[in-house]
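Here is my note on the model you sent. The points run from overall fold to single residues.

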Amino acid sequence: VSREHAEEYFGRRLTQSTVDQLLNWGPIIGVLCFHAQTTVLQRPRGLQRGIWWGLGLLLVGNVLRCIPIAVTEASGGALPRFAESGADFSLRRHTGQRSPL
């Protein structure tokens, strides 16, 4: 991932250590969840439960991605600096949402 593309996507507050952290999330979560995945899939109806868990996690992730948009729209412009706040940056950084600026 080039610095220019990451900066365009996430804004100017993104550092190289943040990019490295984001690139490491997939393998970290994969290692932490591997045992639970294999345990669930080996049980009766395990594939069905695994699919439902996956759908639930996707739903939660998409709801998290909508929070900055919902806050900005609900405020009607009263919170114009929310997109530049630390909370919004942290949420976007970990959920992969594009910076509105």
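**Notes on the predicted model**

1. Read from one end of the sequence to the other, the protein follows the pattern α-α-α-α. The count is 4 helices and 0 strands. Keep in mind that this is a predicted model.

2. How far can each part be trusted? The average pLDDT of the protein is 76. A score of at least 70 is reached by 62% of the residues. Confidence is highest in H2, at a mean of 86. Confidence is lowest in helix H4, residues 86-95, where the mean is 62. Please read any statement about H4 with that value of 62 in mind.

3. Next, burial and surface. Of the 101 residues in the protein, 18% are buried. The exposed area comes to about 7,600 Å². Carbon and sulfur atoms supply 66% of that area.

4. On contacts, take the pairs that are at least 6 residues apart in sequence. Among these, 55% join residues at least 24 apart.

5. The largest pocket deserves its own point. Its volume is about 370 Å³. Two elements give two or more residues each to its lining: helix H2 (16-42) and helix H3 (46-75). H2 gives the most, with 7 residues.

6. Which residues lie nearest the centre of the largest pocket? They are Cys-33, Gln-37, Gly-50, Trp-53 and Leu-57. The full lining has 13 residues.

7. What is the chemical character of that lining by class? It has 9 nonpolar and 4 polar residues. No charged residue takes part in the lining of the largest pocket.

8. One backbone angle is worth a look. Arg-45 has a phi near 60°. That is a positive value in a residue other than glycine. Arg-45 sits in the loop between H2 and H3, the two helices that supply two or more residues each to the pocket lining.

9. Is Arg-45 buried or exposed? Its relative accessible area is 59%. The cut-off for exposed is over 50%, so Arg-45 counts as exposed.

Definitions and conventions: Residues numbered from 1 in each chain as written. Predicted model: local features only at pLDDT ≥ 70, side-chain atom pairs only at ≥ 80, totals over all residues. Heavy atoms only, no water. Buried < 20%, exposed > 50% of the residue type's maximum accessible area, 1.4 Å probe, protein only. Contact = heavy atoms within 4.5 Å. Areas by Shrake-Rupley, 256 points an atom, 1.4 Å probe, with all protein chains shown as cover. 1 Å grid on protein atoms, 1.4 Å probe; cavity = no way out; pocket = protein on both sides within 12 Å on 5 of 7 lines; lining within 4 Å. Points joined across faces, edges and corners; volume = space filled by probe spheres on them. Nonpolar A, V, L, I, M, F, W, Y, C, P; charged D, E, K, R; others polar. pLDDT = per-residue confidence, 0-100.
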